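Colleague: Please walk me through this model, and tell me what stands behind each label you use. I'm a first-year student, and the words go by fast.

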Amino acid sequence: MEALKPDRGPGKESMITGSRDEILYQPILHTGRGFYVVFALLSLVVLIAAYAYFTQFKYGLGVTGMNSPIFWGIYITNFVFFIGVSHAGTLISAILRISKAEWRRSITRSAEVITVLVLFFGLGNILIDLGRIDRLMKVIVHGRFQSPLLWDVVSLTTYLTASSIYLYLPLIPDIALLRDRMPRGFRKYLYEVLALGWAGTEKQIHYLEKGIAIMAVTVLPIAVSVHTVVSYVFSMTIQPMWHSTIFGPYFVAGAIYSGIAAIIVAMAILRRVYHLGDYFREVHFNYLGILLLVMTCLWFYFTFSEYITVFYGAEPDEIKVFFEKMTGTYAPHFWIMVVTCFIIPFTILANNRTRNIRGTVIASISVNIGMWLERFTIVVPTLMHPRLPYETGVYSPTWVEWSILAGCFALFTMIYMIFTKLFPIVSLWEVREGREKAQAEVTERLRTYLPT
Amino acid sequence: MIRWGMVIDLDKCTACQACVIACQIENNIPPPSPEEAAIFRSISWMRIVEHKEGEYPHIKANFMPVPCMQCVNPPCIKVCPVGATNKTKEGIVDQVYGRCIGCRYCANACPYTVKSMNWYKPEWPKEMMSALNPDVTVRPKGVVEKCLFCAHRIQKAKDRAKAENREMTPDDYIPACAETCPSKAIYFGDLNDKDSIVSKYVRSPRAFRLLEELGTEPNVYYLREGA
């Protein structure tokens, strides 16, 4: 219980109880030059993306590389990719919380933030893709539930709400800690409002823990439904190689896969920049690496099943798309995907010696590149091969699309950076609680497992 | 209730593309610039699809005019999130340009790939501006469009019939492509009227529909070549 009581400012008491986690306050209290330099560079990328979008808004979608019948391109790829990455936080952290994995304590926060932020980019890319963004309200006024896009709207907004609450609840005690430390000013006021009068009483702790537990369970089915519905956008049509029954689980597995990879990369950067080596340890990367390895195998299994059925069935319309991916225009994309999504991560992660911090980070970056390509090779080649013998072109994205892609990553990083400047990126109270209570709890739990 | 349908006799079709041009003029379809056409951005509601078999000199070439199939079970309507594509009582798959949000989902869901996107604001050479058809909406940029069986002509036909104090009959209305076809390869009429010329041809052993296996039930029929 001691852990949940807020600090009484940087006085004597916090020197005793707070000094251990002092490093977690550092990013909030001090901002170095590196931060501003990176921030400025990223803003430049975002500005270029904003200009690109302005161009598109002014002249129409013609400034992209899309054509007839390749009506969807990078924006939809981004949409699926970002929604996939959003499965990082909430899902992983919820699974770890529910399964009482003690090693989760220092990593859940950094993961949950990814979820909430990246969801905006998933939604954002769909909006960027619209030819008539000015008519967005029609989706609400005239929305029709028979369209899978409406299912997306519903499940995405639900997921956004649920994962925001799930991020916010465990933040409350930490915000209270900050509120008590901060001298007067705007931030003190902000924390006072957001802390909702948290005082760490027995009753408050009880309700908070209950709330977190409820949200952890609620978020799981919502997260699964989100990416299933995203896959339905494709699989509900009757287009060759989109109309597939395994798309739901295939997309969900891919989402968790790219999500874990995103957490690992984010953790490695935070560890380096904010000197959090004590909180993100070798063991965290090792455990997440094992999870990633499981998903690598699962991804391979799904991909293999998906492609072997198309190949063996050899339905003429489908086989055209299949060979476009294997040996045609999109063969480079497909085979780079196989290398980056399976061969590289599998070789690194299956080996105990290479499954260290550096190894898991390399594997994760590779997985994220591969998963983006996977989404791309699902969206574009199908559209290139309509059933009727039309002449079709090749999709070559323009600077507008590439700038907006870069801008998404840059803006995401910027908002993540701002978050680390406002809130502790490692859950302070959960780490403390772990130190004080977890050992006894685990010993007690072990006693219930083992035969006497 | 009338169900509008079209029968295209491939034996009579010479692939002259007069229907394509008639459609462009009738429906205010902007001519694409050569650069845009080269990257497959041109809009056409009626297209001649070319299909070659064999190698020169032993070659067999097929040409087939393809308008919107006006399916009885249209896959495009199912996926539209805002109801910007609907079916009229008379079986025509309609487009509501003012409501379309430009997501292009319908264009991707159409197995016949007959929908087009307005990638830019449509533009005409100055000389053609005064020749635009006043009965047909000029589409704004960012919306999807397609063949509507010249549905604006139905309204005209109804008005004409009313002025002459009589009910409209299927003979009052014909789309521009069918009207123009020099070899009279395109028949148009009421499929629900079992005595109409289209119904007669639909019962012919030569009749077939495109991608029938998908269950979309097009209202556009073809008559097989070489009969």
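Modeller: Let's start where the two chains meet: chain A and chain B share 29 residue pairs in polar contact, both partners at pLDDT 80 or more. This is a predicted model, where local features need pLDDT of at least 70, side-chain atom pairs need 80 or more, and totals for chains, interfaces and linings use all residues. Residues count from 1 along each chain as its sequence is written, chains are lettered from A and ligands numbered from 1 in the order written, and side-chain values use heavy atoms, without hydrogens and water.

Colleague: What makes a pair a polar contact?

Modeller: Two N or O atoms must be within 3.5 Å; within protein, one has to be able to donate a hydrogen and the other to accept it, and for neighbours in sequence both atoms must be side-chain atoms. On the chain A side, helices H3, H7, H8 and H11 each bring at least two residues to the surface touching chain B. A helix here is a DSSP run (H or I) of at least four residues, and a strand is a run (E) of at least two, numbered from the N terminus.

Colleague: How many residues are in contact across the two chains?

Modeller: 46 residues of chain A and 47 of chain B, with contact meaning heavy atoms within 4.5 Å. About 3,900 Å² is buried between the chains, 57% of it from carbon and sulfur atoms. That is accessible area (1.4 Å probe) lost when the two parts are put together, summed over both.

Colleague: Why is the pair B:Arg104 and A:Asp129 called a salt bridge?

Modeller: The rule wants a side-chain nitrogen of Lys or Arg within 4 Å of a carboxyl oxygen of Asp or Glu. B:Arg104 and A:Asp129 have N to O at 2.6 Å, so the pair passes. The rule finds one salt bridge across this interface, and 29 over all chains.

Colleague: Which parts does the salt bridge of A:Arg97 and A:Glu430 tie together?

Modeller: The closest N and O atoms of A:Arg97 and A:Glu430 are 2.6 Å apart. A:Arg97 sits in H5 and A:Glu430 in H18 of chain A, so the bridge links parts 333 residues apart in sequence.

Colleague: What makes a space a pocket?

Modeller: On a 1 Å grid over the protein atoms alone, it's an open set of points with protein on both sides within 12 Å along at least five of seven lines; a residue lines it if an atom is within 4 Å of a point. The largest pocket holds about 920 Å³, the space filled by probe spheres set on its points, which are joined across faces, edges and corners. Its lining has 34 residues, with A:Val265 and A:Tyr416 among those nearest the centre, and H17(A) gives the most, eight.

Colleague: How many of the residues lining the largest pocket are nonpolar?

Modeller: 24, next to nine polar and one charged. Nonpolar means Ala, Val, Leu, Ile, Met, Phe, Trp, Tyr, Cys and Pro; Asp, Glu, Lys and Arg are charged; the others, Gly among them, are polar. The second largest pocket (about 600 Å³) has 11 nonpolar, seven polar and five charged. Among the residues nearest its centre are A:Tyr390 and B:Arg47, and S2(B) gives the largest share of its lining, six residues.

Colleague: Where does A:Ala314 lie?

Modeller: In the loop between H13 and H14 of chain A. A:Ala314 has a positive phi of about 50 degrees although it is not a glycine.

Conventions. 1 Å grid on protein atoms, 1.4 Å probe; cavity = no way out; pocket = protein on both sides within 12 Å on 5 of 7 lines; lining within 4 Å.
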